[in-house]
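Here's a quick tour for anyone meeting this structure for the first time. Take a look at the model, and then we'll walk through it one topic at a time.

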Amino acid sequence: MAQAHVQRVRLLYKTILKLHRGLPVELQALGNSYIRDEFKRHKGCNTSEANVFMNEWTNYALNLSEQLGLRGPKTGRDIGENLDEEALSLLRDEQIAQLYELHLAASAPRKQE
């Protein structure tokens, strides 16, 4: 049973990395770094946390696949969703700080190549 869980986690991780290939380069790097950290951070979590973790990341993957479509982002369409007040109120202080850091990284000025 544990082996099957490990395989599901690995499949979800790889699926999300593949989906990130459809993002703009800056978002792809940010997303890959974030998912790598999140999956490492939750490696030793308990069963109930693992279930929530897997459900949320599965929903993310499904959402992202819908938003990207078969040929990358649709013109003029934003990627992602806004959090409503109810969802924000459920976050712990640590999660809010992490969300803010992610916001800063995502909205930082782009480097010219």
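Let's start with one residue: setting aside neighbours within four places in sequence, Glu38 is in contact with Phe53, Trp57 and Gln98. Keep in mind that this is a predicted model. The chain has 5 helices and 0 strands, and Glu38 is found in one of those helices, H2.

**Glu38 up close**

- Is Glu38 buried or exposed? Its relative accessible area is 8%, and since buried means under 20%, Glu38 counts as buried.
- Glu38 and Phe53 sit 15 residues apart in sequence, and their C-alpha atoms are 9.4 Å apart in space.
- Glu38 also has a part in the meeting of two helices: Leu30, Tyr34, Glu38 and Arg41 in H2 meet Gln98, Leu102, Ala105 and Ala106 in H5.

**The chain as a whole**

- Going along the sequence, the pattern reads α-α-α-α-α.
- Of the chain's 113 residues, 18% count as buried.
- If you take the contacts in the chain with a separation of 6 or more, 49% of them are between residues 24 or more positions apart.

**How H2 and H5 go together**

- H5 covers residues 93-107, and its axis comes within 11 Å of the axis of H2, with the two crossing at roughly 160°.
- An angle over 145 degrees counts as roughly antiparallel, so that is the label for H2 and H5.
- As for handedness, H2 passes H5 in a right-handed crossing.
- Sorted by class, the contact of H2 with H5 has 5 nonpolar, 1 polar and 2 charged residues.

**How H1 and H3 go together**

- H1 and H3 pack at an angle of about 30°, and their axes are 10 Å apart.
- Angles under 35 degrees count as roughly parallel, so H1 and H3 are roughly parallel to each other.
- Which way does the crossing of H1 and H3 go, left-handed or right-handed? The crossing of H1 and H3 is left-handed.
- On the H1 side, the residues that meet H3 are His5, Arg8, Val9, Leu12, Ile16, Leu19 and His20.
- On the H3 side, the partners are Ala50, Met54, Trp57, Thr58, Tyr60, Ala61, Leu64, Ser65 and Leu68.
- By class, this contact of H1 with H3 has 11 nonpolar, 4 polar and 1 charged residues.

**The nonpolar core**

- In soluble globular proteins, nonpolar side chains tend to be buried together.
- Which residues make up the largest nonpolar core here? There are 12 of them: Leu12, Ile16, Leu19, Leu23, Ile35, Phe39, Phe53, Met54, Trp57, Ala61, Leu64 and Leu68.
- Three elements each give two or more residues to this core, namely H1 (2-20), H2 (25-41) and H3 (47-68).
- H3 supplies the largest share of the core, with 6 residues.
- Ile35 is one of the core residues, and leaving aside neighbours within four places in sequence, Ile35 is in contact with Tyr13, Ile16, Leu17, His20 and Trp57.

**Two more residues to find**

- Gln28 lies in H2, and its relative accessible area is 24%, making Gln28 partly exposed.
- Without counting neighbours within four places in sequence, Gln28 is in contact with His20, Arg21 and Leu23.
- Gln28 and Lys18 are 10 residues apart in sequence, and C-alpha to C-alpha they are 9.9 Å apart in space.
- Where do you find Ile79? Look in the loop between H3 and H4, the helix that covers 85-89.
- Ile79 has a relative accessible area of 32%, so Ile79 is partly exposed.
- Ile79 and Leu27 are 52 residues apart in sequence, yet 9.9 Å apart in space, C-alpha to C-alpha.

Key:
Residues numbered from 1 in each chain as written. Predicted model: local features only at pLDDT ≥ 70, side-chain atom pairs only at ≥ 80, totals over all residues. Heavy atoms only, no water. Core = buried A, V, L, I, M, F, W, Y, C linked by side-chain atoms within 4.5 Å. Buried < 20%, exposed > 50% of the residue type's maximum accessible area, 1.4 Å probe, protein only. Helix = DSSP H or I, 4+ residues; strand = E, 2+ residues; numbered from the N terminus. Contact = heavy atoms within 4.5 Å. Axes fitted to C-alpha atoms, helices over the stretch in contact; angles between N-to-C directions. Parallel < 35°, antiparallel > 145°, perpendicular 65-115°, else oblique. Left-handed = near helix turned anticlockwise from the far one by under 90°. Nonpolar A, V, L, I, M, F, W, Y, C, P; charged D, E, K, R; others polar.
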